[in-house]
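I open this notebook to record what I looked up in the structure, entry by entry.

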Amino acid sequence: MFSLRQKREIADKVQKILRETNHPELPQSEIKFHLHVEGAESWSWADIRNNGDVPNPGVNIHNELMDKIGETQ
């Protein structure tokens, strides 16, 4: 659903939003989270985790190509 670049950008933004809450129970280090996004179709979904939890992310060639198409529009 999302390219690797998009997932990393989303994870950075979620991390920032969570940090801005200043919640006392959050760790001082990177906040671990798992975000599941369902697309319009049953086969369209994405799992996004904090970047530190995904040191060697898998790449879906179709998603990476879609990212390049989005850059040209």
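**Entry 1. The end of the first helix**

I began where H1 ends and noted that Asn22 follows this helix with a positive phi, near 55°. I keep in mind that the model I am reading is a predicted one.

I then checked the length of H1 itself, which covers residues 4–20. The 17 residues, at 1.5 Å a residue, should span 24 Å, and the end C-alpha atoms are 24 Å apart, so expectation and model agree.

**Entry 2. Overall layout**

I counted the elements next and found 2 helices and 2 strands in the protein. Read from the N terminus, their order is α-β-β-α. The C-alpha trace spans about 40 × 25 × 25 Å along its principal axes.

I looked up burial for the whole chain: 18% of the 73 residues count as buried. The accessible surface comes to about 5700 Å², and carbon and sulfur atoms hold 55% of that surface. Turning to contacts between residues at least 6 apart in sequence, I recorded that 46% of them join residues at least 24 apart.

**Entry 3. The hairpin**

In what sense do S1 and S2 pair? I found the antiparallel sense, with 5 bridges between S2 and strand S1, residues 34–38. The two strands form a hairpin, and 6 residues lie between them. For one position across the pair, I noted that His34 stands opposite Arg49 in S2.

I then followed the side chains along S2 and saw that they alternate. Ala46 and Ile48 point to one face and are buried. Trp45, Asp47 and Arg49 point to the other face and are not buried.

**Entry 4. Asn51, past the second strand**

I located Asn51 in the loop that runs between strand S2 (45–49) and helix H2 (61–72). Its side chain reaches the backbone oxygen of Arg8 at 3.4 Å. Setting aside residues up to four places away in sequence, I listed the neighbours that Asn51 touches as Lys7, Arg8, Ala11, Asp12 and Glu30.

Since H1 comprises residues 4–20, I marked the contact with Arg8 as one between this loop and that helix.

**Entry 5. Salt bridges**

How many salt bridges does the count give? The count comes to 3, and I took them in turn.

I first examined Glu9, which forms a salt bridge with Arg5, the closest N and O atoms being 2.7 Å apart. The two residues are 4 residues apart in helix H1, which means that about one helical turn separates them. Glu9 counts as partly exposed because its relative accessibility is 37%. Arg5 is also partly exposed, with a relative accessible area of 36%.

I then turned to Glu20 and Lys16, whose side chains meet in a salt bridge at 2.6 Å, N to O. This pair is likewise 4 residues apart in H1, so about one helical turn lies between Glu20 and Lys16. Glu20 is partly exposed at a relative accessible area of 49%. Lys16, with 53%, is exposed. The cut-off that matters here is 50%, over which a residue counts as exposed.

Finally, I looked at Asp53, which forms a salt bridge with Lys32, with 3.9 Å between the closest N and O atoms. Asp53 lies in the loop between S2 and H2 and Lys32 in the loop between H1 and S1, so this pair ties together parts that are 21 residues apart in sequence. Asp53 counts as partly exposed at 33% relative accessibility, whereas Lys32 is exposed with a relative accessible area of 62%.

**Entry 6. Ser3, ahead of the first helix**

I closed with Ser3, which is found in the segment before H1. Is Ser3 buried or exposed? I recorded Ser3 as buried, because its relative accessibility is 0%.

I next asked which residues Ser3 touches, not counting those up to four places away in sequence. They are Asn63, Glu64 and Asp67. I also looked up the separation of Ser3 from Lys68: the C-alpha atoms are 9.1 Å apart in space, although the two residues are 65 residues apart in sequence.

How values were computed
Residues numbered from 1 in each chain as written. Predicted model: local features only at pLDDT ≥ 70, side-chain atom pairs only at ≥ 80, totals over all residues. Heavy atoms only, no water. Polar contact = N/O pair within 3.5 Å; in protein donor to acceptor, adjacent residues only side chain to side chain. Contact = heavy atoms within 4.5 Å. Buried < 20%, exposed > 50% of the residue type's maximum accessible area, 1.4 Å probe, protein only. Pairing = 2+ DSSP bridges. Expected span 1.5 Å × (residues − 1). Salt bridge = Lys/Arg side-chain N within 4 Å of Asp/Glu carboxyl O. Areas by Shrake-Rupley, 256 points an atom, 1.4 Å probe, with all protein chains shown as cover.
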